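Here are my notes on this structure. Please read them with the model open beside you.

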Amino acid sequence: MNTAPVRTDTLDLIGNTPLVLLEGPSEAAGCEIWGKCEFTNPGASVKDRAALWIIRDAEARGELKPGGTVVEGTAGNTGIGIALVANALGYATVIVMPDNQSQEKMATLRALGAKLITVPPTKFADPNHFVHTSRRIAEETENAIWANQFDNVANRRAHIEGTAPEIWEQLGGRVDGFTCAVGTGGTLAGVGLGLKARDDAIRIALTDPHGAALYNYYANGELASEGSSVAEGIGQGRITANLEGAPVDTQFRIADEEGLEWVARMLREEGLCLGLSSGINVAGAVALGRQLVADGREDARVATILCDTGFRYLSTLYNAEWLESKGLPVFDWLRSD
Ligand SMILES: Cc1ncc(COP(=O)(O)O)c(C=O)c1O
C-alpha cells in the first residue's frame, strides 16, 4: 500500500502531484495517456509551481525582502498561487487581471487577501495591458517585486526541476511523448527541456488553442493566429523568455469544441472536474498518442497536464447560458429542458 506523504512545511504541498492513467483518452489514442494532476496543488492549479519558484528566486537574489509585496499581472491562477505562497512567507500580494476572466478567480483572489485590480482586456502592445499595468505598479510600490511570469525563467525552472523529473520517475523512466498548451510557456518549455535532458527521443508537442500564434510559429516560422478560444490561461502570441529554446518537435491545434468534449468526458467517464485548458491538453495528448502509434509505437506513453480544477469555472464552462452565449455546445446534463 502507498502511504500518503507527511510534510512539515505547507509549501512542500506544492508539486509532487499524482500522475493518473486516463482510460478514455488512452482508448481513443490506442496507447497510454497519463494526466499530471496539477489541480491537487494547494491553489488547485499548475501555477502554484511557478509562484513558488519565482518568489524563492527573488528571495535568493535578495530582491524580495521581509514584509515585501509581490505584484503580478495574471489571468488568475498565477495570482492565486502567488497569494498563497506570499501568505505563507509573510508577503503582501497585488494582482492585476483582465476583467473578462471568471468571477470565481476574482472572488478567490479577494478571499485569499490579495489586492485585486481589474483592467479591460487589450492588445499586448497597449501600455494599459494587464502585464504592463502590473509592472508599473511594482515599480511604484516600495519593497515590491514584479513576478513577471511570462519572461522570468524561474517559472520554467519550476518545471525543469519539478514537473519533468516527477513525470520521469512516475513513469519509471520510460516516456515517449509530452504535450501541453502554452500560457507563459513555462510548463511546455520546462517539462520539454527536463524530459529531453533524460531522453532526447521523447517527442515534445505544442498543443495550441485557436486564436494563439504558436501553432503557426512552430509549423512554419510565422507568428500568426486564426480564430479564437474561450480557454483561460492559455493562448500566446509571442515567444516569451520562458519559451525561448523550447524543444518542440511537433504541434497540434485544438478547437474549443474538441477540448470541451474532453472536459465533458473527463467529468462523466473519469470523475474529474477540470478547466478547458486541461480538455485541450487531453485532446492534444490523444493526437500525439495517435501520431506515435502511427509511427509504429503501439506501446507509447504520453503525458500531459491537467492544469486546474473545473470548480473555478462554474459560472462559465459549467453554465448552460454562458456556453450558449459563446456559441458553444451545452453539456447534456446542464440542460433544464
Ligand atoms: C488554467 C491554465 N492552464 C494552462 C496554463 C499555462 O501554463 P504556462 O503558463 O506554464 O504555459 C495556465 C497559465 O496561466 C493556466 O492558468
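Is the crossing of α2 and α3 right-handed or left-handed? The crossing is right-handed. Keep in mind that this is a predicted model. The points below start from that helix pair.

1. **The α2 and α3 pair.** Helix α2 covers residues 47-60. Its axis and that of α3 come within 8 Å and cross at roughly 50°. An angle under 35 degrees would count as roughly parallel, and 65 to 115 as roughly perpendicular. The two helices are therefore oblique to each other. On the α2 side, the contact is made by Lys 47, Asp 48, Ala 51, Leu 52, Ile 55, Arg 56 and Glu 59. They meet Asn 77, Thr 78, Gly 81, Ile 82, Val 85, Ala 86 and Leu 89 of α3. For reading such lists, recall that an α-helix has 3.6 residues a turn, so residues three or four places apart point the same way.

2. **The α3 and α4 pair.** Helix α3 also packs with α4 (residues 103-111). Here the angle is about 15°, and the axes are 10 Å apart. That makes α3 roughly parallel to α4. This crossing is left-handed. Asn 77, Gly 79 and Ile 80 of α3 make the contact with Lys 105, Thr 108 and Leu 109 of α4. Asn 77 also appears in the contact between α3 and α2.

3. **The four-stranded sheet.** Four strands form an open sheet in the order β5-β4-β3-β6, and the pairing is parallel. Which strands stand at the edges? They are β5 (115-119) and β6 (144-146). Each has a single partner strand, so one side of each is left without a neighbour in the sheet. Neighbouring strands are turned by 20° against each other on average, direction ignored.

4. **Strand β4 and its surroundings.** Strand β4 spans residues 92-98. Five bridges join β4 to β5, and the two run parallel. Pro 98 has Val 119 of β5 as its bridge partner. Helix α3 (residues 77-89) packs on this sheet and touches β3 (69-73) and β4. The direction of α3 makes about 175° with that of β4.

5. **The six-stranded sheet.** A second open sheet follows the order β1-β2-β10-β7-β8-β9, with mixed pairing. Its edge strands are β1 (19-21) and β9, each paired on one side only. The twist from one strand to the next averages 25°. Four bridges join β7 (residues 177-180) to β8 (residues 203-209), and these two strands run parallel. Thr 179 stands opposite Ala 205 of β8.

6. **Helix α7.** Helix α7 (residues 186-198) packs on the six-stranded sheet. There α7 touches β7, β8 and β10 (301-306), and its direction makes about 170° with that of β7. The 13 residues of α7 reach 18 Å from first C-alpha to last, close to the 18 Å expected at 1.5 Å a residue. How much of α7 is buried? The count is 10 of 13 residues, so the helix is largely enclosed by the rest of the structure. Among the buried residues are Gly 186, Gly 190, Gly 192 and Gly 194. Lys 196 is buried too. The cover over the buried residues includes α6 (154-170), along with β7, β8 and β10.

7. **Phe 252 in an edge strand.** Phe 252 is found in β9. Is Phe 252 buried or exposed? Buried means under 20% relative accessible area. Phe 252 has 13%, so it counts as buried. Its contacts include Ala 205, Leu 206, Thr 207 and Asp 208. Tyr 215, Gly 284, Ala 287, Leu 288 and Gln 291 are also touched by Phe 252. Phe 252 and Ala 283 are 31 residues apart in sequence, with their C-alpha atoms 9.2 Å apart.

8. **Helix α9.** Helix α9 (residues 256-270) has 15 residues and should span 21 Å at 1.5 Å a residue. Its end C-alpha atoms are 20 Å apart, which agrees. Asp 256, Gly 259, Leu 260, Trp 262, Val 263, Ala 264 and Met 266 are buried. The buried residues of α9 pack against α1 (23-29), β9 (250-254), α10 (276-294) and α11 (320-325). Just after α9, Gly 271 takes a positive phi of about 70°.

Note on methods: Residues are numbered from 1 along each chain as its sequence is written. This is a predicted model: local features need pLDDT of at least 70, side-chain atom pairs count only at pLDDT 80 or more; totals for chains, interfaces and linings use all residues. Side-chain values use heavy atoms; hydrogens and water are left out. Two strands pair if DSSP finds at least two bridges between them. Axes are lines fitted to C-alpha atoms, for helices over the stretch in contact, and angles run from 0 to 180 degrees between N-to-C directions. Contact means heavy atoms within 4.5 Å. The expected span of a helix is 1.5 Å times one less than its number of residues. Buried means under 20% relative accessible area, exposed over 50%, partly exposed in between (1.4 Å probe, protein chains only). Angles under 35 degrees count as roughly parallel, over 145 as roughly antiparallel, 65 to 115 as roughly perpendicular and the rest as oblique. A crossing is left-handed if the near helix is turned anticlockwise from the far one by less than a right angle, and right-handed if clockwise.
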